Amino acid sequence: MSTVGGGEATELWLRWKRAYETVRANVVAETTAASGVSEAELSVLVALHESGGSLRQNALAAALGWDRTRLSHLLTRMVNRGYVARAKLPNGVEVTLRPEGRHVIDATLPTLETATRRHMLDRLGPDDAKTLRALVDRLLSG
């Protein structure tokens with residue numbers, strides 16, 4: 001149960017939001033500049049990479065929290081660029097990371113790591129980073 005009052009809750013929310021947006025904008029700017037792909041394309045490539053290289057299209061939309069139509073349009077462009085392939089299955093569509101998409105991820109992950117470290121972890125002490133991880137895990141646990 002929260003001990004933060006109404007005004008304090010709003011202030012905390014606004015500070016959290018500003019910190020998140022600032023770190024996110026800096027990390028995304030560096031990462032997309034290095035990768036040559038949009039943030040949305042990078043999100044798809046990372047999700048596929050983390051899943052082992054393929055996902056059902058509806059599972060990918062759910063993982064990203066995106067509307068299926070938005071994802072479908074983006075995937076069409078990504079297929080044309082050679083980053084992913086789509087295969088129709090009897091009960092859906094499977095999206096697979098192609099070699100060019102893997103190359104983008106492999107080339108981008110070091111920049112993502114460096115940018116995240118520079119804009120977030122380096123601003124926190126080791127104990128702060130552990131505390132932040134524990135707090136975020138608690139928030140994500142529902």
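1. E41 is a residue of helix 2. In this predicted model, the residue is buried: its relative accessible area is 6%, and buried means under 20%. Leaving aside residues up to four places away in sequence, E41 touches L74, M78, R81 and Y83. Two of these partners, L74 and M78, also appear among the helix 4 residues that meet helix 2, which is the subject of the next point.

2. Helix 2 covers residues 39–50 and helix 4 covers residues 68–80. Their axes come within 11 Å of each other and cross at roughly 90°. Angles of 65 to 115 degrees count as roughly perpendicular, and helix 2 and helix 4 are therefore described in that way. On the helix 2 side the contact involves A40, E41, V44 and L45. On the helix 4 side it involves R70, L71, L74, L75 and M78. By type, the residues of this contact are seven nonpolar and two charged, with no polar ones.

3. Helix 2 also packs against helix 5, with the axes 10 Å apart and at an angle of about 95°. This pair is therefore roughly perpendicular too. Helix 2 contributes L42, L45, V46 and H49 to the contact, while helix 5 contributes G101, V104, I105, T108 and L109. Six of the residues in the contact of helix 2 with helix 5 are nonpolar and three are polar, and no charged residue takes part. L45 is listed in this contact and also in the contact with helix 4.

4. What surrounds T108, a residue of helix 5? T108 touches T31, S35 and L42, not counting residues up to four places away in sequence. Its relative accessibility is 3%, so T108 counts as buried. L42 belongs to helix 2 and is listed, like T108, in the contact of helix 2 with helix 5.

5. The largest nonpolar core has 20 residues. The members that touch the most other members are V44, L45, L60, L75, M78 and V84. Two or more residues come from each of helix 2, helix 3 (57–64), helix 4, strand 3 (92–97) and helix 5 (99–119). Which element gives the most to this core? Helix 2 does, with six residues. As background, nonpolar side chains tend to be buried together in soluble globular proteins.

6. V84 is one of the core members with the most contacts to other members. Apart from residues up to four places away in sequence, V84 touches L45, L48, L75, M78, V79, V95, T96 and R98. Of these partners, L45, L75 and M78 are also named among the core members that touch the most others.

7. Some positions in the helices are more open to the surroundings. P99, in helix 5, has a relative accessibility of 63% and so counts as exposed. Its C-alpha atom is separated by 35 Å from that of A19, 80 residues apart along the chain. A62, in helix 3, is exposed as well, with a relative accessible area of 61%. The C-alpha atoms of A62 and G7 are 34 Å from each other, and the two residues are 55 residues apart along the chain.

8. Is P110, another residue of helix 5, buried, partly exposed or exposed? At 48% relative accessibility P110 counts as partly exposed, because that class lies between under 20% and over 50%. P110 and V37 are 73 residues apart in sequence, and their C-alpha atoms are 15 Å apart in space.

9. For the protein as a whole, there are six helices and three strands. From the N terminus on, the order of elements is α-α-β-α-α-β-β-α-α. The C-alpha trace spans about 50 × 30 × 20 Å along its principal axes.

10. The protein has 142 residues, and 23% of them are buried. Among the contacts with a separation of 6 or more, 55% are between residues 24 or more positions apart. The accessible surface comes to about 9500 Å², and carbon and sulfur atoms account for 55% of that surface.

Technical notes: Residues numbered from 1 in each chain as written. Predicted model: local features only at pLDDT ≥ 70, side-chain atom pairs only at ≥ 80, totals over all residues. Heavy atoms only, no water. Axes fitted to C-alpha atoms, helices over the stretch in contact; angles between N-to-C directions. Parallel < 35°, antiparallel > 145°, perpendicular 65-115°, else oblique. Contact = heavy atoms within 4.5 Å. Nonpolar A, V, L, I, M, F, W, Y, C, P; charged D, E, K, R; others polar. Core = buried A, V, L, I, M, F, W, Y, C linked by side-chain atoms within 4.5 Å. Buried < 20%, exposed > 50% of the residue type's maximum accessible area, 1.4 Å probe, protein only. Areas by Shrake-Rupley, 256 points an atom, 1.4 Å probe, with all protein chains shown as cover.
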